[in-house]
Amino acid sequence: MNLSDTTTKQHLVLYLQVHQPRRLRPFRFFDIGSRGEYFDDKQNKEIVERVARQSYLPANAILLKLIKKYPQIKVVFSVSGVAIDQFKEYTPEVLESFRALANTGNVEFLSETDHHSLACMMPGDEFEIQVLDHTAKLHEHFGVRPSVFRNTELIYNDEIGKRVEALGFNGVFIDGVDRVLHGRSPHHLYQHPDQQGLKIFTRNYNLSDDIAFRFAHHGPLTVERYMSWLQGIPAHEDLITLAMDYETFGEHQKQNSGILNFFEGLLKALAKQDRIVMATASEAIMNLKPRDILSVPHYISWADRERDLSAWLGNDMQRDAFDCMVRMERDIKSIDDSDLLERWRWLQTSDHFYYMSTKKNDDGNVHAYFSPYPSPYEAFMNYMNVLNDFSYQVSEHERHPLNNQKAGAIRSEAERRELHVPTWAMNLQNSYEH
Amino acid sequence: MFGWEFPPHISGGLGTACYGLTKSLTKENVEILFVVPKLFGGENLPRVDFIDAGKVPIKINQRKEIITQQIEIPGEERTEVEVSITTIEVESNLSPYRSTSYQSPVLHMESWSYTLDPTTSEVTTEVEVSDTFTHKFSGTYGPDLIEETKRYAEVAAALTRELAFDIIHVHDWMTFPAGIAAQEASGKPLIVHVHSTEFDRSGENIDPRVYNIEKEGVEKSDHILAVSKWTKDILVSRYKIEADKISVAYNGIVPKDLKDLPVIPSIGSHVVTFLGRLTFQKGPFYFVEAARKVLEKFPDAHFIVAGSGDLFPQVVERVAQLKLSSRFHFTGFLKGDNIDKVWSVSSVYVMPSVSEPFGITPLEAIQAGVPVIVSNQSGVAEVMPHAIKVDFWETDVLADAICNVLAYESLSTTLKKNSLNEIKNITWDKVAKKIKNIYHELI
């Protein structure tokens with residue numbers, strides 16, 4: 001298969017999201033001031049171990065086996081930093097299996113915010129810091145340097161696109177939201193209106209959700225049926241972007257539903273035909289020309305029917321909790337305590353705000369499925385109690401400041417930059433090769 | 001339809017429920033004959049015929065009854081007393097309800113708990129007589145209640161012979177004997193509507209006679225309507241009824257405009273309210289216990305206890321014992337405008353019920369713009385996702401929830417906003433549609 005062949009063919013990019021938040025332990029109003037532990041290590045360990053057993057390990061094993069047999073199989077992963085850290089702590093074998101996949105060269109890893117946060121909504125450079133943290137983490141664990149970005153839950157607008165491009169990325173994944181595509185097909189590569197270097201992948205949410213949410217409803221979905229849908233896409237539409245949680249395979253859809261067989265069967269079927277070629281995001285950017293400019297003036301995401309920010313910042317509680325967390329930034333960053341800073345960032349993970357959503361019906365059910373709380377109100381109360389206790393801790397630090405703390409903070413921040421800049425600078429160089 | 005009370009003369013949620021349901025059923029083109037023990041005047045609904053049971057003539061064709069009571073008192077010989085002839089008013093052996101001195105002279109539901117005399121049994125001997133007469137009903141929940149339900153059943157049987165109808169629908173145990181009598185006399189299907197059970201009202205100390213009436217009613221009925229899954233589960237586990245025979249029909253709430261609320265001067269920025277009968281069922285002590293804990297964090301908080309009942313003196317004593325009397329406000333039994341006034345100053349409403357078949361008060365609080373915390377042991381918890389829910393015995397968790405609502409304004413506003421929106425869906429019209437379908441299945 002030579003390059004000219006490939007460029008004329010339909011590309012399929014399959015991007016799978018891997019993420020596990022650090023869930024909070026029950027923290028009462030009466031616990032405020034106790035400076036207790038915030039994160040439920042026991043529960044988090046259990047969940048990570050369970051999902052590893054049901055999903056990550058078996059699915060990775062399938063993928064590794066198939067890639068060895070069919071080198072034309074290509075997959076894109078985004079693994080959040082909070083997930084990587086927890087794999088390291090609780091299930092090193094999962095980290096090992098991702099490393100093995102990385103070594104095949106058939107798997108691309110995307111960059112995202114290290115803490116799977118809403119940092120893009122925060123003032124200042126917290127967003128950039130977290131992206132660079134994640135980039136460093138990917139390099140440390142998988143030996144890769146990402147050149148394509150996905151923001152938390154595919155939150156995106158033109159402004160975020162600019163920031164992503166400025167960080168040196170040449171591609172970004174967004175959801176193929178109708179109000180953004182304005183009748184255009186999601187099956188093309190698009191381009192940022194101002195930053196020509198940033199290519200945009202628009203997820204086909206229908207075909208993605210057919211697997212992620214509707215697998216069982218389809219009776220269950222068969223490989224043949226799904227392949228017929230893919231093959232029904234007109235040949236001139238040159239890029240099919242599918243994206244979903246990796247936990248779909250074995251956790252959200254349990255193994256007894258046949259989802260893992262479907263996963264294996266689909267990859268095999270794709271490998272055995274040559275109408276559609278599987279590609280990593282970087283390959284697609286290299287092979288395909290952007291069809292059009294895609295302007296996204298308002299925030300979009302892949303969550304809920306609204307596909308905007310309302311899943312995390314839709315009600316008063318969510319906005320209040322988020323604002324309270326953001327307001328701590330100054331105090332925390334003026335203390336040179338990396339542990340405190342890290343815990344504050346764990347509290348930024350979008351899931352905490354997702355649990356507080358009071359939406360109803362189908363969307364509400366999805367929120368409830370993911371939430372460890374009986375209701376959004378408990379989620380809010382628990383988070384706020386933790387945050388208040390945390391504020392209390394931080395204020396105590398201020399009463400006993402370290403010597404030269406400001407200078408220390410600035411120095412350590414500079415060191416971080418020092419450490420990170422080469423990573424993405426090199427990556428920037430690589431991306432211009434073609 | 002047989003009820004026990006109907007607005008405007010009501011003393012509990014039952015009358016309100018009957019009003020909401022019949023009103024919406026008429027919209028579904030169901031014609032209703034509504035029988036109550038006593039009409040007090042003012043009962044009015046278009047297309048509903050009200051029947052005063054006390055005005056229904058009962059024929060006694062060549063029959064006369066002599067009733068003797070056999071009274072067994074432990075340690076004494078069995079005695080037989082001839083109580084009455086011609087069966088009209090039989091002396092009740094229910095003693096007056098406890099602690100009447102703390103409540104209004106009219107016996108309302110808040111006094112609802114029974115004390116029994118020693119076991120008695122009756123022997124009836126029939127004698128011939130020819131006459132018509134009417135029964136007298138108090139239409140309240142007085143000491144003669146069980147006897148009134150029996151007389152009510154006689155009226156039901158008499159009415160059944162005179163009237164044409166397709167279905168018999170009765171509300172709570174006071175009307176169950178009437179329902180059974182009507183069912184036997186007419187052969188028409190009987191629906192018993194369970195708004196509360198003896199286990200809700202009395203915990204484990206049930207009155208076996210009330211229980212037996214309830215059990216006979218649910219057993220002989222053709223179908224049962226329970227006001228919640230909570231109640232349905234009680235009927236299945238405590239009354240041994242098959243789950244298939246029971247449909248859950250949640251209560252609705254009659255819409256009311258928030259703007260109509262009277263406003264009184266605020267008594268403080270943190271006001272936590274309990275509104276309900278002070279009885280075992282409503283869990284007032286859990287409220288006091290939680291209040292004690294809340295005051296550790298919010299020393300300026302106020303606690304309103306609105307309602308009366310047999311636990312009133314003990315609740316006051318407990319509050320005094322904890323030296324919290326200055327933070328507590330006991331209003332006694334409230335009605336209408338006064339309830340709205342309480343809502344206008346409340347930061348949060350707490351219903352820590354031990355067993356609440358439905359619980360309309362939290363919905364009324366929501367309607368008045370007050371966020372609510374309810375126990376998981378309530379039917380309303382099943383229909384209201386936008387309330388904080390706790391187990392009634394977890395006073396730590398309850399106190400925690402109260403503190404959170406007081407502390408975080410966004411929690412309070414989100415609860416208010418969402419719950420107010422949610423109750424738009426909790427309508428009697430919806431319930432009536434469901435019940436009409438059940439009628440059709442039975443006819």
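Guide: A residue is buried if 20 or more other C-beta atoms lie within 10 Å of its own, exposed if 12 or fewer, and partly exposed in between, with C-beta atoms placed from the backbone. This model is predicted: local features need pLDDT of at least 70, side-chain atom pairs count only at pLDDT 80 or more, and totals for chains, interfaces and linings use all residues. Residues are numbered from 1 along each chain as its sequence is written, while chains are lettered from A and ligands numbered from 1 in the order in which they are written.

Visitor: Is A:His116 buried or exposed?
Guide: Start with the backbone: A:His116 has a positive phi of about 50°, although it is not a glycine. Its place is the loop between β3 (107-109) and α5 (126-142) of chain A. Helices (H or I, at least four residues) and strands (E, at least two) are DSSP runs, numbered from the N terminus. Around A:His116 there are 29 other C-beta atoms within 10 Å, so the residue is buried.

Visitor: Which residue of the loop between β8 and α3 of chain B has a positive phi?
Guide: The phi value is near 65°, in a residue other than glycine. This residue is buried, because 23 other C-beta atoms lie within 10 Å. In the loop between β8 and α3 of chain B, look for B:Asp172.

Visitor: Where is A:Pro220 found?
Guide: A cis peptide bond joins A:Gly219 and A:Pro220, and omega is about -15°. A:Pro220 sits in the loop of chain A between α8 (205-212) and α9 (223-231).

Visitor: What residue does a cis peptide bond join to B:Pro7?
Guide: Omega is about 5° at this bond. The partner is found in the segment before α1 (13-27) of chain B. That partner is B:Pro8.

Visitor: How many residues of domain 2 of chain A are in contact with domain 1?
Guide: Chain A is divided into domain 1 (3-305) and domain 2 (311-415), with bounds from an automatic or database domain assignment. Their centres, taken over C-alpha atoms, are 25 Å apart. Two residues are in contact if their C-beta atoms, placed from the backbone, lie within 7 Å. Domain 1 of chain A gives 30 residues to this contact, and domain 2 of chain A gives 25.

Visitor: How many charged residues are on the side of domain 1 of chain A that touches domain 2?
Guide: Ala, Val, Leu, Ile, Met, Phe, Trp, Tyr, Cys and Pro count as nonpolar, Asp, Glu, Lys and Arg as charged, and the others, Gly among them, as polar. On this side of domain 1 of chain A, 13 residues are nonpolar and 8 are polar. The number of charged residues is 9.

Visitor: Which element gives the largest share of the side of chain A that touches chain B?
Guide: Here 14 residues of chain A are in contact with 16 of chain B. Two or more residues come from each of α13 (316-327) and α18 (376-399) of chain A. The side of chain A divides into 8 nonpolar, 3 polar and 3 charged residues. The largest share, 4 residues, comes from α18(A).

Visitor: Which residue does A:Tyr190 stand opposite in β7(A)?
Guide: Five strands of chain A form an open, mixed sheet in the order β4-β5-β7-β6-β12. Strands pair if DSSP finds at least two bridges between them. Strand β6 (residues 189-191) and strand β7 (residues 199-203) of chain A run antiparallel, joined by 3 bridges. In β7(A), A:Tyr190 stands opposite A:Ile200.

Visitor: Why is strand β9 of chain B largely enclosed?
Guide: One side of β9(B) has B:Leu190, B:Val192 and B:Val194, and the other has B:Ile191 and B:His193. Both faces are covered. Strand β9 (residues 190-194) of chain B is largely enclosed by the rest of the structure because its buried residues number 5 of 5.

Visitor: Which residue of β10(B) is the bridge partner of B:Val192?
Guide: β9(B) pairs in the parallel sense with strand β8 (residues 168-171) of chain B, over 4 bridges. There, B:His171 has B:His193 as its bridge partner. β9(B) also pairs in the parallel sense with strand β10 (residues 223-226) of chain B, over 4 bridges. In β10(B), the partner of B:Val192 is B:Ile224.

Visitor: Which helix joins β8(B) and β9(B) in a β-α-β unit?
Guide: The unit is right-handed: with the strands pointing away from the viewer, the path from the first strand over the helix to the second runs clockwise. Between β8(B) and β9(B), the helix of this unit, residues 176-186 of chain B, is α3.

Visitor: What percentage of the residues in chain B are buried?
Guide: Chain B comes to 14 helices and 17 strands. Of its contacts with a separation of 6 or more, 69% are between residues 24 or more positions apart. Among the 443 residues of chain B, the buried share is 45%.
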